[in-house]
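Here are my notes for you as you look through this one. Keep the 3D view open and click along as you read.

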Amino acid sequence: MTALIDIIDGVMRAAHPKAYAEAARRLGEAAPTASRSAAPVRFSENTRPATHAPRPLTTSSAMTQFEAFVLQCFIEPMLPSADGVYGGGTAGGFWKSMLAEKLAVEMAKGGGIGIAARLIKSEAAKASAAPGPQNPRS
């Protein structure tokens, strides 16, 4: 869900920077005084660590990424056209593609439609049926 919020946040900043700044200012004013902190409101890019160590790729994560790719191919054509929603031209197509990708990744992480699970089960069956510790990929 946070990925979707990050995308919407980025689209809003790119499409209407003045409206974004005004909305952030108004949200700061609307917050109750008791819950306000001395620190300014920070948005998505400020809340993440600057660097992170990449996780090693496992079979299950590779299968999940594959499922996300397949889901992206299904989701992108279902989204509204880029001209009215995401902006015009190449940038609009780019934002639409990014939204489809992020939606697909989140769906795949949540279990998706079962593609990754079936592939993992199939790989496990092949590995258990293999006669010995041979690795055909080496």
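1. Let's start with a term you'll need: a salt bridge is a side-chain nitrogen of Lys or Arg within 4 Å of a carboxyl oxygen of Asp or Glu. Lys 126 forms one with Glu 123, and their closest N and O atoms are 4.0 Å apart. Bear in mind that this is a predicted model, and that the count by this rule comes to 2 salt bridges.

2. Where do Lys 126 and Glu 123 sit? Both are in helix H7, which covers residues 115-129. They are 3 residues apart, or about one turn of the helix. Lys 126 is exposed, because its relative accessible area is 54%, while Glu 123 has 29% and is therefore partly exposed.

3. The other salt bridge to look at joins the side chains of Glu 106 and Lys 109, at 3.8 Å from N to O. Both residues belong to helix H6, again 3 residues apart and about one turn of the helix. Glu 106 has a relative accessibility of 29%, so it counts as partly exposed. Lys 109 comes out at 59%, so it counts as exposed.

4. Now zoom out. How many helices and strands does the protein have? There are 7 helices and 0 strands, so if you read along the sequence you get the pattern α-α-α-α-α-α-α. Of the 138 residues, 18% count as buried. The protein exposes about 10,400 Å², and carbon and sulfur atoms supply 63% of that.

5. A word on how the chain meets itself. Take the contacts between residues at least 6 apart in sequence: 66% of them join residues at least 24 apart.

6. Helix H6 deserves a stop of its own. This helix runs over residues 89-109, which makes 21 residues. From its first C-alpha to its last it reaches 31 Å, close to the 30 Å expected at 1.5 Å a residue. Several of its residues are buried, including Gly 92, Trp 95, Lys 96 and Leu 99. Just after H6, look for Gly 111, which takes a positive phi of about 115°.

7. While you're there, find the rings. A search of the whole structure turns up 1 aromatic pair. The ring centres of Phe 94 and Trp 95 are 6.3 Å apart and the ring planes meet at 70°, so this pair is edge-to-face.

8. Next, try Gln 72, which has its place in helix H4 (residues 59-78). Is Gln 72 buried or exposed? With a relative accessibility of 15%, Gln 72 counts as buried, because the cut-off for that is under 20%. Leaving out residues up to four places away in sequence, Gln 72 touches Pro 77, Ser 97, Ala 100, Glu 101 and Ala 104. Two of those neighbours, Ala 100 and Ala 104, are themselves among the buried residues of H6.

9. Finish with Met 78, another residue in helix H4. Its relative accessible area is 64%, so Met 78 is exposed. Which residues make up the nonpolar patch on the surface? They are Phe 74, Met 78 and Ile 113, and together they have about 360 Å² of accessible area. So in H4 you can click from Gln 72, which is buried, to Met 78, which is exposed.

Conventions:
Residues are numbered from 1 along each chain as its sequence is written. This is a predicted model: local features need pLDDT of at least 70, side-chain atom pairs count only at pLDDT 80 or more; totals for chains, interfaces and linings use all residues. Side-chain values use heavy atoms; hydrogens and water are left out. Helices (H or I, at least four residues) and strands (E, at least two) are DSSP runs, numbered from the N terminus. Buried means under 20% relative accessible area, exposed over 50%, partly exposed in between (1.4 Å probe, protein chains only). Contact means heavy atoms within 4.5 Å. Patches are made of residues with over 30% relative accessible area and no salt bridge: like charges are joined within 9 Å, nonpolar side chains (Val, Leu, Ile, Met, Phe, Trp, Tyr) within 5 Å. Accessible areas come from the Shrake-Rupley method with a 1.4 Å probe; for residues, only the protein chains shown count as cover. Rings of Phe, Tyr and Trp (its six-membered ring) pair if their centres lie within 6.5 Å; planes under 30 degrees apart count as stacked, over 60 as edge-to-face and the rest as tilted. The expected span of a helix is 1.5 Å times one less than its number of residues.
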